[in-house]
Amino acid sequence: MVKRVTFSAIGMALTVIFLYAASILSTGRLAVLALSSLLCGVCICQYGIRYGMAVYIGSSLLSLLLIPNRMFTMVYVLFIGYYPLIKLLIERLKKLWLEWLLKVLFFNLILVLLYWVFKVFFMPGLDSAVVSLVFKYIGWVVVGLEVVFVLYDLAFSYMIGYFNQFVRRISRG
């Protein structure tokens with residue numbers, strides 16, 4: 001029990017560190033943001049859904065309290081943080097076409113939610129020229145974001161698979 005709680009606490013701390021790094025870095029922000037979601041997935045693989053959700057909830061609360069730049073924290077809280085659980089539940093269906101359909105539909109639903117949050121909290125501070133440019137090419141923006149999501153999902157699967165192999169190698173001795 002102590003080992004599981006310690007592992008989860010380290011996952012929470014590293015997640016908060018990654019989210020803070022994403023908020024202050026000038027480049028590589030999306031990669032660091034993706035790494036923050038990996039820790040929840042690792043915890044789910046290692047100790048189950050309960051501990052993975054504890055990492056998500058704890059790191060979300062700590063990030064909202066400690067990180068001054070809320071944009072990346074909101075992306076984590078509203079999508080990336082709990083995506084490993086959604087991915088696990090969808091991939092239990094064992095039908096590849098249905099899994100991808102549900103993942104993309106889920107992503108588009110979250111994209112609408114993130115747009116609404118962005119509009120309410122961050123849009124008033126943006127230059128109107130930037131906003132009009134984004135809306136002019138909204139179709140291309142959505143398609144680009146979907147491509148990034150598919151690449152994120154594939155990379156996430158690869159990293160979780162690598163972690164599982166790594167743990168098996170260590171446990172064998």
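This tour moves through a predicted model, one selection at a time.

**Helix 4 and its cap**

Begin by selecting residues 70-80, which form helix 4. Of the 11 residues in this helix, eight are buried, so that the element is mostly covered. Colour F72, T73, M74, Y76, V77, L78, F79 and I80 to display the buried set. Next, add N69 and show its side chain. N69 caps the N-terminal end of helix 4, with a side-chain oxygen 3.3 Å from the backbone nitrogen of M71.

**The largest nonpolar core**

Keep F79 on display and add Y152. Within the largest nonpolar core, which has 37 residues, F79 and Y152 touch the most other members. To see where this core draws its residues from, show helix 1 (2-24), helix 2 (29-47), helix 3 (49-66), helix 4, helix 5 (83-91), helix 6 (96-121) and helix 8 (138-172); each of these gives two or more residues to the core. The greatest contribution, nine residues, comes from helix 2. In soluble globular proteins, nonpolar side chains tend to be buried together.

Now centre the view on Y152. Setting aside neighbours within four places in sequence, Y152 is in contact with A34, S37, I80 and Y83. One of these partners, I80, is also among the buried residues of helix 4.

**S36 in helix 2**

Select S36, which is found in helix 2. S36 is buried, because its relative accessibility of 0% falls under the 20% limit. Beyond its neighbours within four places in sequence, S36 is in contact with T15, F18, L19 and Y76. Y76 has already appeared in this tour as a buried residue of helix 4.

**The cysteines C40 and C43**

Display C40 and C43 together. How many disulfides does a search of the whole structure find? The search finds zero. For C40, the nearest cysteine sulfur is that of C43, 7.1 Å away, and C40 is in no disulfide. C43 likewise is in no disulfide, its nearest cysteine sulfur being that of C40 at 7.1 Å. A disulfide requires the two sulfur atoms to lie within 2.5 Å, so a separation of 7.1 Å does not qualify. Are these two cysteines buried or exposed? C40 is buried, with a relative accessible area of 0%, and C43 also counts as buried, at 1% relative accessibility.

**The second largest pocket**

Switch to a surface view and bring P84, K87, L88, E91 and I160 to the front. Of the 13 residues that line the second largest pocket, these five are the closest to its centre. The pocket holds about 270 Å³ of space. Helix 2, helix 5 and helix 8 each give two or more residues to the lining. Helix 5 gives the most, with four residues.

**K94, after helix 5**

From helix 5, follow the chain to K94, in the loop between helix 5 and helix 6. Although K94 is not a glycine, its phi is positive, at about 60 degrees. K94 counts as exposed, because its relative accessibility of 70% is over the 50% limit.

**I57 and a final distance**

Finally, select I57, which is found in helix 3. With a relative accessible area of 46%, I57 is partly exposed. Draw a distance from the C-alpha of I57 to that of L93: the two residues are 26 Å apart in space and 36 residues apart in sequence.

Terms used. Residues numbered from 1 in each chain as written. Predicted model: local features only at pLDDT ≥ 70, side-chain atom pairs only at ≥ 80, totals over all residues. Heavy atoms only, no water. Buried < 20%, exposed > 50% of the residue type's maximum accessible area, 1.4 Å probe, protein only. Polar contact = N/O pair within 3.5 Å; in protein donor to acceptor, adjacent residues only side chain to side chain. Core = buried A, V, L, I, M, F, W, Y, C linked by side-chain atoms within 4.5 Å. Contact = heavy atoms within 4.5 Å. 1 Å grid on protein atoms, 1.4 Å probe; cavity = no way out; pocket = protein on both sides within 12 Å on 5 of 7 lines; lining within 4 Å. Points joined across faces, edges and corners; volume = space filled by probe spheres on them.
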